[in-house]
Amino acid sequence: MNISLGSVHIPFDTVLSALLGSDQATETQQYIISSYRMPKAITAILTGAALSLSGLIMQTFFRNPLAGPFVLGISSGASLGVALLLLGGSAFATVSVLTSGISLAIAASLGSFIVLLCILVVASRVRDTMALLIIGLMFGSITTAAVSVMSYFARMESLQQYIFWSFGSLGDLSWSQIRIFAVLSILGIILSIAFMKPLNSLLLGENYAKSLGMNVQRVRFVLILITSILAGSVTAFAGPIAFIGLAVPHLTRQIFRTPDHRVLLPAVLLFGAILMLICDTLSQLPGYEFSLPVNAITSLVGAPVVIWLLVRKKSMLF
Amino acid sequence: MTEGYPVLSVKDLLMGYHTSGENIQVSGSVNFDLFPGELAAVVGPNGVGKSTLLRTLAGVHPPLGGDITLNNRSLKSYSAKDLATNLSIVLTEKIPAGNLTAAELIALGRQPYTNWLGSLSETDKSVVRSVLEKLDLKELHNKACGAMSDGQLQRVMIGRALAQDTPLILLDEPTSHLDIYHKAYIFKLLRTIAHDTKKTILFSSHEIDLAIQLCDKILVLQPREAGFGDPCSLIEQGSFQSLFPSDLIKFDSRSGSFRIKK
């Protein structure tokens, strides 16, 4: 369904037969599907699943329903990396080779990795998880400030390029990039499955979790690591995608009404992937020749969902 | 009721904080032994270190000096995992996950015994069932803990500690926020649990009257010294008279309670 929609219309049954290997589709259609639509759909699935899972982990870890995958400053770190490349790079009039997709992904990963390292160093010194949350937000503010200083001095073209990156994009990923993305996401998912039990004991708060035999320091380290792998790789390959990580765990909790991670974890992966596919389909504006930035769609879908949940339920249980 | 060896043995324990190279001592040295099946209360004025004592006994807070022995083994020698099968706690803090049902919450107490996924075995399920039955929580088992009254929630939290199946249970002010009926209810419940299951229960409390009536042992914490014994002998020693400044309230040793001076 998602694959059949785009600026060139391809009928649904043609897509299906093309995917199944028959030759009903024309060569052009075949090409569009295999090198553009398919990678995009897979990117959407990976992005939605990875962001929702890291959102779920962060909400449990910080015992805060407003926590999302980016509270630790991971996306702002990535933005800083990209901004340094695009805006800072332009100040020195560097060659345009630097601004290709691959180097953007590398800059974003480097940026989020550096912020992550800072957070991990701080996390080993700070005992209070809430302080960690605030520190993450502060890191976000610092990088945002740095980015705005750079954009003030940047050239217009590079500024535009930066803004386009920050819109988020599920397209223009090559199969080899998708392979890396998939490996990282699956690694994050496997790690979190191994940590479902400590996640469940964290539902009682850190003190109780400790009394149940949990190694708080180690669990904290691994959970931050998982989130950075998941949210970091999404940001690196698809840009900062808003709201999915925050909204999907809440949506899932409304349906399953249990905080048990053994139920929530697979459900969140599934819902995240589905919602992201829907957002992507919407952003292609069926029938039109251009597509909207996917970040705008996720916010347009995500924010009302969160508001609706709050109004309907008085309090956000988690 | 002093049978076998003590579950918890505390010798010359000094509690306090270590700040900027200086030791700030909270109370005098503490000595006591608790045996299986005993219900004991820690009483004392605000700020004398009741919570610090419980945190120290739970291994969260390092002592300044002295020895704590749990089941004939030094508390320091326990790993977090070992400790989880020997000691369970009930805290005053709120549970962040309001969506957890009573049954799920109690089942979390089985975590030290479950596999890496945390799935419940038949034994775990039967333990949870018997805890629900024992604490009269059967009709509550599907209720979210965010929607429970304070008294119900406290019962569930005690149930969770009970499901952890440890020889020693520590509770920090289990009856705060409760009305007088539910205070008495929790006290009686703890007493029944201790006597029936032979678990040792130690809790901090401001309800000195109730503690005198229902506890086997009481630890009276005071800034300089700590008294320990059964309620009657503590009354005879006059341990409660000196607990508070005598300008407002006075301990009446005949009724075993405090009276306001008129």
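**View 1. No salt bridges link chain A and chain B in this predicted model.** The count between chain A and chain B is 0 salt bridges, a salt bridge being a side-chain nitrogen of Lys or Arg within 4 Å of a carboxyl oxygen of Asp or Glu. Polar contacts are found across the interface for 9 residue pairs, both residues at pLDDT 80 or more. A polar contact is a pair of N or O atoms within 3.5 Å; within protein, one must be able to donate a hydrogen and the other to accept it, and residues adjacent in sequence count only if both atoms are side-chain atoms. This is a predicted model, in which local features need pLDDT of at least 70, side-chain atom pairs count only at pLDDT 80 or more, and totals for chains, interfaces and linings use all residues. Residues are numbered from 1 along each chain as its sequence is written, chains are lettered from A and ligands numbered from 1 in the order in which they are written, and side-chain values use heavy atoms, with hydrogens and water left out.

**View 2. The interface of chain A and chain B buries about 2,400 Å².** Of this area, 59% is on carbon and sulfur atoms; buried area is the accessible area (1.4 Å probe) that two parts lose on being put together, summed over both. In contact (heavy atoms within 4.5 Å) are 21 residues of chain A and 30 residues of chain B.

**View 3. A 4-stranded open sheet in chain B has antiparallel pairing.** Its order is S4-S1-S6-S7; strands (E, at least two residues) and helices (H or I, at least four) are DSSP runs, numbered from the N terminus, and two strands pair if DSSP finds at least two bridges between them. S4 (30–34) and S7 (73–74) of chain B are edge strands with a single partner each, so one side of each has no neighbour in the sheet. S1(B), residues 8–14, joins S4(B) through 4 bridges, and B:Val10 stands opposite B:Phe32 in S4(B).

**View 4. A 6-stranded open sheet in chain B has mixed pairing.** The strand order is S8-S9-S10-S5-S11-S12. S5(B) (39–43) and S10(B) (200–204) are parallel, with 4 bridges; B:Ala41 has B:Phe203 in S10(B) as its bridge partner. Helix H6(B), residues 180–197, lies across S5, S9 and S10 of chain B, at about 155° to S10(B). Axes are lines fitted to C-alpha atoms, for helices over the stretch in contact, and angles run from 0 to 180 degrees between N-to-C directions.
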